[in-house]
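Colleague: I am new to this one and would love a close look at a single part of it. Could you pick a spot on the surface and then walk me inward from there?

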Amino acid sequence: MKTVILCGGRGTRLGGHGETMPKALIEIGGRPILWHLLKIYAHYRLNDFILCLGHLGDNIKNYFLQSATDNGQVDLGDGQFCKIEFADTGLDTNTGGRVKLIEKFIDGDTFCVTYGDGLSDINISSLIDFHTSHGKIATLTAVHPHSNFGIMKVDEASGAVVEFQEKPRLKEWINGGFFVFGRKVFDYIDDNAVLEREPLEKLAGERKLIAYKHPGFWKCMDTLKDNMEFNEIWKSSADWKIWP
């Protein structure tokens, strides 16, 4: 089964890092976030990747080709190898357009898609089994995000501050990526589509998009602060490190 990773964004909220380096190559624990993502999928024996490249895409390509073996496999370390197809999907192409452009590389009825800036301890095998069980076109992973701000509880009667909570996990669900799609999803996507808007909204309206609820670890890297937090997590719990 193919796994498509969207890693063509500019990383505009990462300051100077995003200007000189693609977001997907920004390091966590001395390795690019994209390497961590490949390791997660490879752990579940999904090792056939299509990378949708854009901003500084050659940097991504060159990084992984440095560790390619004689037979073209990329060595991820720890005995894990993978095949990577590098697809130039344009500098400013929207997320849906990038997926549409790699349709020709999809040779099966089902494939995985995710963003190149989010990590999780999600069980990919369980996600795929869930997708197969409901028989719909698309599955997305729903996660509980952490608040960007600390919150406080206030007594409604007196106005007294009762408790402070530092960036708690919210009760609401958001789209955490980690999709599984059937080939029919391409019928919902055009070359200019934003994946998270028209295609997913139409699928939801037709009840053909199902949420896989993941209560475990999930975090994305939008800002330099996120990168710093990721590195601190790597030093302590490394929650997404599911490979041996």
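Modeller: Let's start with M152, which is partly exposed because its relative accessibility is 47%. Keep in mind as we go that this is a predicted model. M152 sits in strand β10, and together with V154, V161 and F164 it makes a nonpolar surface patch of about 400 Å². Two strands each supply at least two residues of that patch: β10, covering 151-154, and β11, covering 161-165.

To place that patch in the whole, it helps to step back for a moment. The chain has seven helices and 15 strands. Its C-alpha atoms fill a box of roughly 70 × 45 × 35 Å along the principal axes. The radius of gyration is 19 Å, which agrees with the value near 18 Å for a compact globule of 244 residues. The accessible surface of the chain is about 12,400 Å², and carbon and sulfur atoms account for 49% of that surface. On the inside, 45% of the 244 residues count as buried. Among contacts with a separation of 6 or more, 75% are between residues 24 or more positions apart.

Now let's move on to helix α6, residues 198-205, where you can compare a buried side with an exposed one. P199, L200 and L203 are the buried residues here. They lie on the same side of α6, because they cover an arc of only 90° around the axis. What do these buried residues pack against? Their partners are β9 (138-143), β12 (174-175), β13 (179-182) and β14 (209-214). Turn to the face pointing away from the buried side and you will find the exposed residues E201 and G205. Just after the helix, R207 takes a positive phi of about 60°.

Charged pairs are the next thing to look for. Side chains of opposite charge can pair when their charged atoms come close. The structure holds nine salt bridges, and a good one to find is K23 with D117, whose closest N and O atoms are 2.9 Å apart. This pair links distant parts of the chain, 94 residues apart: K23 is in the loop between α1 (16-20) and β2 (27-28), while D117 is in the loop between β7 (110-115) and β8 (118-120). Both K23 and D117 are buried.

K23 has another partner as well: it forms a salt bridge with D222, with the closest N and O atoms 3.8 Å apart. Since D222 lies in the loop between β15 (218-220) and α7 (224-236), and K23 in the loop between α1 and β2, the pair ties together parts that are 199 residues apart in sequence. K23 counts as buried because its relative accessible area is 15%, whereas D222, at 22%, is partly exposed. K23, D117 and D222 are thus linked in a network of salt bridges.

One further pair is worth finding, D78 with K39, whose closest N and O atoms are 2.7 Å apart. D78 lies in the loop between β5 (74-77) and β6 (80-88) and K39 in helix α2 (residues 33-43), so this salt bridge ties together parts that are 39 residues apart in sequence. Are the two partners buried or exposed? D78 is exposed, because its relative accessibility is 58%. K39 is buried, because its relative accessibility is 0%.

Methods
Residues are numbered from 1 along each chain as its sequence is written. This is a predicted model: local features need pLDDT of at least 70, side-chain atom pairs count only at pLDDT 80 or more; totals for chains, interfaces and linings use all residues. Side-chain values use heavy atoms; hydrogens and water are left out. Patches are made of residues with over 30% relative accessible area and no salt bridge: like charges are joined within 9 Å, nonpolar side chains (Val, Leu, Ile, Met, Phe, Trp, Tyr) within 5 Å. Accessible areas come from the Shrake-Rupley method with a 1.4 Å probe; for residues, only the protein chains shown count as cover. A salt bridge is a side-chain nitrogen of Lys or Arg within 4 Å of a carboxyl oxygen of Asp or Glu. Helices (H or I, at least four residues) and strands (E, at least two) are DSSP runs, numbered from the N terminus. Buried means under 20% relative accessible area, exposed over 50%, partly exposed in between (1.4 Å probe, protein chains only). The arc is that of the directions from the helix axis to the C-beta atoms. Contact means heavy atoms within 4.5 Å. The radius of gyration is taken over C-alpha atoms; the globule rule is 2.2 Å times the number of residues to the power 0.38.
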